[in-house]
Amino acid sequence: MDEQDEQEVAEIEDVRQFYFTVNMLTRSRRTHLEIPEAFTDKTGWPTCEECALVTSTSDRRDWPVHFRFEDVGGGKRRARSVGHGWTVFLRDQNVRSGSLLILEVMDSRSLAVTICHPDSPRKHVVKTQEAALRRRSDGPVFTKTVRASHLRPGLAARLDLPTSYWREVGAERFRDTWFTLVGPLSAVRVKSAAYVTPTQTFCYLSRGWSDFVALNDFKLGDTLQFAAVGTAEFNVSLS
């Protein structure tokens with residue numbers, strides 16, 4: 001892989017300029033929320049002192065958080081929460097030591113927060129109606145380990161497909177094609193896409209992927225096995 005290829009891979013894989021994570025491993029993480037400078041530089045967030053955290057775009061409950069700005073030189077500034085807004089959010093969401101929070105801009109005053117709890121009870125019972133949907137696989141199999149970049153909120157979420165896999169079946173198969181993913185608890189229709197440059201190609205699952213992850217209770221660090229069924233369906237299970 002040459003230097004240009006490495007740069008293009010970095011631009012696709014390093015999405016920290018559009019979102020950031022907070023790993024609740026220390027007590028200081030519970031007292032305040034500090035917005036990374038790189039995140040502010042790229043997104044311009046926050047734009048004001050009075051902001052909010054949300055966990056769902058459907059019920060639109062907001063947790064108000066007040067920020068204070070600090071100049072760090074070079075025309076840049078750092079935002080850090082003050083007051084009790086952050087701690088109230090952590091308490092209401094039962095965020096514990098070891099939890100991973102993924103934060104992404106929802107609008108100029110709001111951050112959408114996805115919370116991954118380290119010891120949440122896993123759902124192992126397969127629903128009867130979903131088991132009935134699961135057909136015998138007859139195609140290639142690949143595995144993917146769930147990373148933070150696969151768990152971004154909403155439409156930003158996507159799963160990159162292994163290069164060896166899409167080369168085996170053909171990249172054209174993933175150009176704006178809908179697939180049915182049948183998981184342990186639920187089946188979801190997910191759209192695929194292909195990112196093509198003169199030097200390389202990336203194929204990934206996009207729209208619907210975050211719903212599939214949530215409905216099947218998949219977690220950060222899980223290894224998932226994808227087994228093809230025909231040309232437009234995958235059985236997905238914990239490996």
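This report covers the nonpolar cores, the aromatic rings and one annotated domain of a predicted model.

## Two nonpolar cores

The largest nonpolar core holds 30 residues. Those touching the most other members are L181, L205, W209, F212, F226, F234 and V236. Several elements give two or more residues to this core. Two of the helices are α6 (163-169) and α7 (209-215). The strands include β6 (100-107), β10 (178-182), β11 (187-196) and β12 (201-205). Strands β13 (223-228) and β14 (233-238) also contribute.

A second core is separate from this one and has 21 residues. Among them are V22, I35, L53 and F67.

## W209 and its contacts

What does W209 touch, leaving aside residues up to four places away in sequence? Its contacts are H150, A157, R158, L159, L181, V190, L224 and F226. Of these, L181 and F226 are, like W209, among the core residues that touch the most other members.

## Aromatic rings

A search of the whole structure finds 15 aromatic pairs. Ring pairs also build a cluster. W209 belongs to it, along with F142, Y165, F174, F179, F212, F218, F226 and F234.

Two arginines lie over rings. R77 is over the face of F69, 3.8 Å from the ring centre. R158, a contact of W209, places its charged end over the ring of Y204, at 4.8 Å from the centre.

## The annotated domain

An unreviewed UniProt entry carries the annotation "domain: TF-B3". This annotation covers residues 18-119 and 204-239. The span 204-239 is 19% helix and 39% strand. Its end C-alpha atoms lie 20 Å apart.

How values were computed. Residues are numbered from 1 along each chain as its sequence is written. This is a predicted model: local features need pLDDT of at least 70, side-chain atom pairs count only at pLDDT 80 or more; totals for chains, interfaces and linings use all residues. Side-chain values use heavy atoms; hydrogens and water are left out. A nonpolar core is a set of buried Ala, Val, Leu, Ile, Met, Phe, Trp, Tyr and Cys residues joined through side-chain atoms within 4.5 Å. Buried means under 20% relative accessible area, exposed over 50%, partly exposed in between (1.4 Å probe, protein chains only). Helices (H or I, at least four residues) and strands (E, at least two) are DSSP runs, numbered from the N terminus. Contact means heavy atoms within 4.5 Å. Rings of Phe, Tyr and Trp (its six-membered ring) pair if their centres lie within 6.5 Å; planes under 30 degrees apart count as stacked, over 60 as edge-to-face and the rest as tilted. A charge sits over a ring if NZ of Lys or CZ of Arg is within 6 Å of the ring centre and within 35 degrees of the ring normal. UniProt positions are given in the numbering used here, feature names are shortened, and annotations may be inferred rather than shown by experiment.
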